Amino acid sequence: MITFDKLKIVVAEKYITNIDEDIFTTIIKNGQIVEYRYEQQYPYLLYIEKDLIEQELVIEFTSKILHEDYPLLINNDTIYKCLENINSLGICYLDIPNIISAAHVVKADVTKDICCDKYEQLIGSLKTSITNYNKYLSRVVNGTFVIEKNVISRGRKLRLTIYNKDSEMQLKANQEFISKLANYKEMTEYFKGKVRFELNLNSMEQIRKQLNIKSTMLYDVLHTNINPIVNFMDKVFEDEHSTADMKLRDLERLALLEKVDMDMHKLEMIVRQHTSPKSHISQLMQPYRNILRTIEHQGINPLQTIRNLLLFEIFLTFIVSL
């Protein structure tokens, strides 16, 4: 499932009503109201604009709007709650079903959080694995790794940002945000050892191309099966090893092995927990042993590890939380 940290959507202005004019900024031109605008930066980004001239409603928001469900990010399962939480502010009323069915996405930050407790080593590997240093420009800003296509055209520019999410959550503003949540302790624990990957899609052209969809309708964006972060990394970074010959099930097993740091004892505990007591544990563990022997024999590139986690992190989270 594709997930986002930020979305900007556009839909017909008729789907917003009951605007609190004491809260919204009213824009007047030639004696007529042409626009209502609301914007906040804390505790999360929220921008609402009702344009009476263009007859458009613009809504931009980040995944912190989900409050206790923030780690889930914006996706097909959480989009309704994102908009519902806007309604709960009492500053306007959004026609959520019609917005979800009719809105277009004009900007999106595709986002994945993965487990990686060796962030500095990861960045070191990425910096030395770039396929073309003229085509892709990289830099590290305050510990955040940024790499983007070296192009002028806004429609072709792509930027991937990678940073230590655990460290970022220690910032004062983020601590103030999560300290007010009912699941504060669980939230703090969740982000330990997490690294965040964000791919910025800043135009409808980029969204269509990178998500391999014909339209930018919100439904199509939320239901794509494409992982644009992995696709971008495959173009940017050179991988010394390949798991192309592995079947999908083996890739899932490899990702689970990496999740437990190749610790077969930890892995066996998970397998036992999620299988029948009557199962033959030795047979269930054999495929993992085979993969581990292959890795030990051939070696595995850190980039391939990250790639697997980006592809299967949702699967792993589901397995571990069952």
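1. Let's start with a hairpin in this predicted model. β3 and strand β4 (residues 32-40) pair in the antiparallel sense, with 5 bridges between them. K29 sits opposite Q32 in β4. The two strands make a hairpin with 2 residues in between, and N30 in that turn carries a positive phi of about 55 degrees.

2. Now for the sheet that hairpin belongs to. It is an open sheet of 10 strands, ordered β3-β4-β5-β6-β1-β8-β12-β11-β10-β9, and the pairing is antiparallel. The edges are held by β3 (25-29) and β9 (136-141); each has a single partner strand, so one side of each has no neighbour in the sheet. Going from one strand to the next, the twist averages 15 degrees. As background, strands in a sheet pair through backbone hydrogen bonds, in either a parallel or an antiparallel way.

3. Moving along the strand order, have a look at β1 and β8. Strand β1 covers residues 4-12 and strand β8 covers residues 104-115; they pair in the antiparallel sense over 6 bridges. If you want a residue pair to click on, L7 has A108 in β8 as its bridge partner.

4. β8 also has a helix over it. Helix α7 (residues 204-211) lies across β8 and β12 (194-201). Relative to β8, helix α7 runs at about 50 degrees.

5. On to the β12-β11-β10 stretch of the order. β11 and β12 pair in the antiparallel sense over 6 bridges, and Y163 finds its bridge partner in β12 at R196. Strand β11 (residues 159-164) also pairs with strand β10 (residues 144-149), again in the antiparallel sense, over 4 bridges. There, F145 is matched with I162 in β11.

6. What about aromatic contacts? The whole structure yields 5 aromatic pairs. One of them is Y136 with F232, an edge-to-face pair with 6.1 Å centre to centre and 90 degrees between the planes. Y136 belongs to strand β9 and F232 to helix α9 (residues 228-236), so this pair ties together parts that are 96 residues apart in sequence. Recall that β9 is one of the edge strands, so you can find Y136 by going to the β9 end of the sheet order.

7. Two backbone details in loops deserve a look. Y42 and P43 are joined by a cis peptide bond, with omega about 5 degrees. P43 is in the loop between β4 and β5 (46-51). The other detail is L73, whose phi is near 65 degrees, a positive value in a residue other than glycine. L73 is in the loop that runs between β6 (56-62) and α1 (79-87).

8. Which residues line the largest cavity? They are D166, M169, Q170, Q175, I178, T188 and F191. By type, that lining divides into 3 nonpolar, 3 polar and 1 charged. The count of cavities of 30 Å³ or more comes to 1, and the largest cavity holds about 30 Å³ of space.

Definitions and conventions:
Residues numbered from 1 in each chain as written. Predicted model: local features only at pLDDT ≥ 70, side-chain atom pairs only at ≥ 80, totals over all residues. Heavy atoms only, no water. Pairing = 2+ DSSP bridges. Axes fitted to C-alpha atoms, helices over the stretch in contact; angles between N-to-C directions. Contact = heavy atoms within 4.5 Å. 1 Å grid on protein atoms, 1.4 Å probe; cavity = no way out; pocket = protein on both sides within 12 Å on 5 of 7 lines; lining within 4 Å. Points joined across faces, edges and corners; volume = space filled by probe spheres on them. Nonpolar A, V, L, I, M, F, W, Y, C, P; charged D, E, K, R; others polar. Phe/Tyr/Trp six-rings, centres within 6.5 Å; stacked < 30°, edge-to-face > 60°.
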